[in-house]
Amino acid sequence: MTFETLLIESPSTGVGLIRLNRPRQYNALNTKLLQELAVALEQYEQDDTVSVVIITGSEKAFAAGADIAEMAGKSSQEMLELMQSAPGWTAISTFSKPTICSVAGMALGGGFELALQCDILLAAEGAKFALPEITLGVIPGAGGTQRVARLVGKSLAMEMVLNARPILAEEALSRGIVSQVIKADQLEAKTIELASNIAKRAPAAVKAGKNCVNKAILSTLEEGLDFEQKAFLPLFDTDDAKQMMDAFLNKSK
């Protein structure tokens, strides 16, 4: 399929890369882009040669938010129908393989909400995150209030949602929003390096690890511990685990 709003690349073995590509609109998320994002992720879901997917934007913007031109003047019912026509709003959160979001410039509103759905979030120095929907008379509607509150706590989440407080890369690191802050000219290379390393890991263990961490966020400790053990034990029956432990003991690759 030829995409109009995305660039699809294969920067390394086992790694797929989706680049948001509406540069004149700072990658504002319109229905077309979100529909194509869902298609691209589904293609990667079915592609056994791809183990990890990177989602990124441009040097100036990951995504400046939802496309206001599409939303202005809509009724609640019309807005619901618009969101339902754009499956990309939830496609990342239901994708089974690891996702890495690489953010340079701004990730605002819906762009930030998309980034928060990824498993790992990396930021360039100076990157900016914010939920400015309140300045338009609405609130985040694609998971922003829920995911931000789980990451940063109630007080800061309230500031971000009720007063559009921006978070710069270094604070995002200290608050647990991102896992690394990287020099802008090294961001893409470092992101690809991380994705390549994960792609080399045992697939069953990677899948189990991702599922367990996601379970931890959405359950009690007791539920999470039970889920972890049920994911942990079957890995000992996999060829990868047997071969890798044997290699470790024999000091071989």
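Biologist: Lysine 32 and glutamate 36 both lie in helix H1; how many residues apart are they?

Modeller: They are four residues apart, about one turn of the helix. The general idea is that an α-helix has 3.6 residues a turn, so residues three or four places apart point the same way. Bear in mind that this is a predicted model. Here the side chains of lysine 32 and glutamate 36 meet in a salt bridge, at 3.9 Å from N to O.

Biologist: Is glutamate 36 buried or exposed?

Modeller: Buried means under 20% relative accessible area. Glutamate 36 has 2% relative accessibility, so it counts as buried. Lysine 32 is partly exposed, with a relative accessible area of 33%.

Biologist: Which other side chain meets that of lysine 32 in a salt bridge?

Modeller: That of glutamate 4, again at 3.9 Å from N to O. This pair links distant parts of the chain: glutamate 4 belongs to the segment before E1, lysine 32 to helix H1, and 28 residues separate them. Glutamate 4 is exposed, with a relative accessible area of 59%.

Biologist: How many salt bridges does the structure hold?

Modeller: Ten. Another of them joins the side chains of glutamate 171 and arginine 175, at 3.4 Å from N to O. Salt bridges with shared partners connect Glu159, Arg165, Glu171 and Arg175 into one network. Glutamate 171 counts as partly exposed at 22% relative accessibility, and arginine 175 counts as partly exposed at 34%.

Biologist: Turning to the sheet, what is the order of the six strands?

Modeller: To read a sheet, list the strands by who pairs with whom. The order here is E1-E2-E3-E5-E7-E10; the sheet is open and its pairing is mixed. Its edge strands are E1 (6-12) and E10 (180-182), each of which pairs on one side only. From one strand to the next, the twist averages 25°.

Biologist: Which way do E1 and strand E2 run, parallel or antiparallel?

Modeller: Antiparallel; five bridges join E1 to E2, which covers residues 15-20. To find the register, take one facing pair: serine 12 stands opposite valine 15 in E2.

Biologist: And how do strand E3 and E5 run, parallel or antiparallel?

Modeller: Parallel, with four bridges joining E3 (residues 52-56) to E5. Valine 53 stands opposite threonine 99 in E5. On to E7 (residues 120-124), E5 again has four bridges, and those two strands also run parallel. There, cysteine 101 has leucine 121 of E7 as its bridge partner.

Biologist: How many residues of strand E5 are buried?

Modeller: Five of its five residues, which leaves E5 (residues 99-103) mostly covered. For a strand, check each side in turn. Thr99, Cys101 and Val103 point one way, Ile100 and Ser102 the other way, and all are buried.

Biologist: How many residues of helix H5 are buried?

Modeller: Eight of the eight, residues 110-117, so H5 is largely enclosed by the rest of the structure. The buried residues of H5 include Phe112, Glu113 and Gln117.

Biologist: What is phi of tyrosine 26?

Modeller: First the general idea: most residues other than glycine have a negative phi. Phi of tyrosine 26 is near 50°, a positive value in a residue other than glycine. Tyrosine 26 is found in the loop between E2 and H1 and is partly exposed, with a relative accessible area of 39%. Arginine 22 has its place in that loop between E2 and helix H1 (31-46) too. Arginine 22 counts as buried at 13% relative accessibility, and its side chain makes a polar contact of 3.2 Å with the side chain of aspartate 67.

Biologist: Where does alanine 164 lie?

Modeller: In the loop between helix H7 (154-163) and strand E9 (167-168). Alanine 164 has a positive phi of about 55°, although it is not a glycine. At 16% relative accessibility it counts as buried. Its C-alpha atom is separated by 5.4 Å from that of leucine 131, 33 residues apart along the chain.

Biologist: Which residues make the nonpolar surface patch?

Modeller: Phe232, Leu233, Phe236 and Met245, over about 390 Å². A residue needs over 30% relative accessible area to enter a patch. Methionine 245, in helix H12 (residues 239-249), is partly exposed with 43%.

Methods. Residues numbered from 1 in each chain as written. Predicted model: local features only at pLDDT ≥ 70, side-chain atom pairs only at ≥ 80, totals over all residues. Heavy atoms only, no water. Pairing = 2+ DSSP bridges. Axes fitted to C-alpha atoms, helices over the stretch in contact; angles between N-to-C directions. Patch = residues over 30% accessible without salt bridge, like charges linked within 9 Å, V, L, I, M, F, W, Y side chains within 5 Å. Areas by Shrake-Rupley, 256 points an atom, 1.4 Å probe, with all protein chains shown as cover. Salt bridge = Lys/Arg side-chain N within 4 Å of Asp/Glu carboxyl O. Buried < 20%, exposed > 50% of the residue type's maximum accessible area, 1.4 Å probe, protein only. Polar contact = N/O pair within 3.5 Å; in protein donor to acceptor, adjacent residues only side chain to side chain.
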